[in-house]
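Reader: I would like to go through the terms used for this model one by one. Please set each value against its definition.

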Amino acid sequence: MMLEESIRILAMQEEILQFSHFTNEDAWELGSFMVAEAARNHLPVIISIRLNNGCTVFQYGFPGTNCNNERWLVRKQNTVRMMEMSSLRFFMILKKNGETLEERRLDPQDYAACGGGFPIRVAGAGVIGSVTVSGLDHMADHEFVSACMSKYLRIDGIPRLPVSF
């Protein structure tokens, strides 16, 4: 699959998977739904929902996750907040352009160009936070987030990328 097509599919996912509103209660429901999905599939992930004001409104780590996974969460969340797009779409854009984080003046200790961070976009308000997962390979992290958001929002048939790249 061409990078341009992947970027287009990721942008479509972000446009489709929007919320009409998003409260702390919504974060709890979405996060709990994601924990149940990960448990059902035996996925050793850490899941975090963080608002752009810096408040973490949900976080859960399964056995097998550790502080390193949490550091990845923070870097992915920073990327989503700064770029207002999924961390995977940003990865694809950098790859397409032959750029690095440093060339974008982003410190790799604070930002990550890889999958697993997805924007919480509220219709009429824009990106207000992120849903982030760490623990799988970065394509699978992204797929898990987008699949869970699709199920949670009851939106069928969103465009998907292949899990391996």
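Reader: What makes Glu5 count as partly exposed?

Author: Glu5 has a relative accessible area of 30%. Buried means under 20%, exposed over 50%, and partly exposed in between, with a 1.4 Å probe and protein chains only. Glu5 is therefore partly exposed. This is a predicted model, where local features need pLDDT of at least 70, side-chain atom pairs count only at pLDDT 80 or more, and totals for chains, interfaces and linings use all residues. Residues are numbered from 1 along each chain as its sequence is written, and side-chain values use heavy atoms, leaving out hydrogens and water.

Reader: Why is the pair of Arg8 and Glu5 called a salt bridge?

Author: A salt bridge needs a side-chain nitrogen of Lys or Arg within 4 Å of a carboxyl oxygen of Asp or Glu. For Arg8 and Glu5 the N to O value is 2.6 Å, so the pair fits the definition.

Reader: How do you know that Glu14 is buried?

Author: Its relative accessible area is 2%, so Glu14 is buried. Arg89 also counts as buried, at 15% relative accessibility. Arg89 and Glu14 form a salt bridge, with the closest N and O atoms 2.8 Å apart.

Reader: Why is α1 called roughly antiparallel to α4?

Author: The axes of α1 (residues 3-16) and α4 (residues 87-97) cross at roughly 155 degrees. Angles under 35 degrees count as roughly parallel, over 145 as roughly antiparallel, 65 to 115 as roughly perpendicular and the rest as oblique. That makes α1 roughly antiparallel to α4. Axes are lines fitted to C-alpha atoms, for helices over the stretch in contact, and angles run from 0 to 180 degrees between N-to-C directions. Helices are DSSP runs of H or I with at least four residues, numbered from the N terminus.

Note on methods:
Helices (H or I, at least four residues) and strands (E, at least two) are DSSP runs, numbered from the N terminus.
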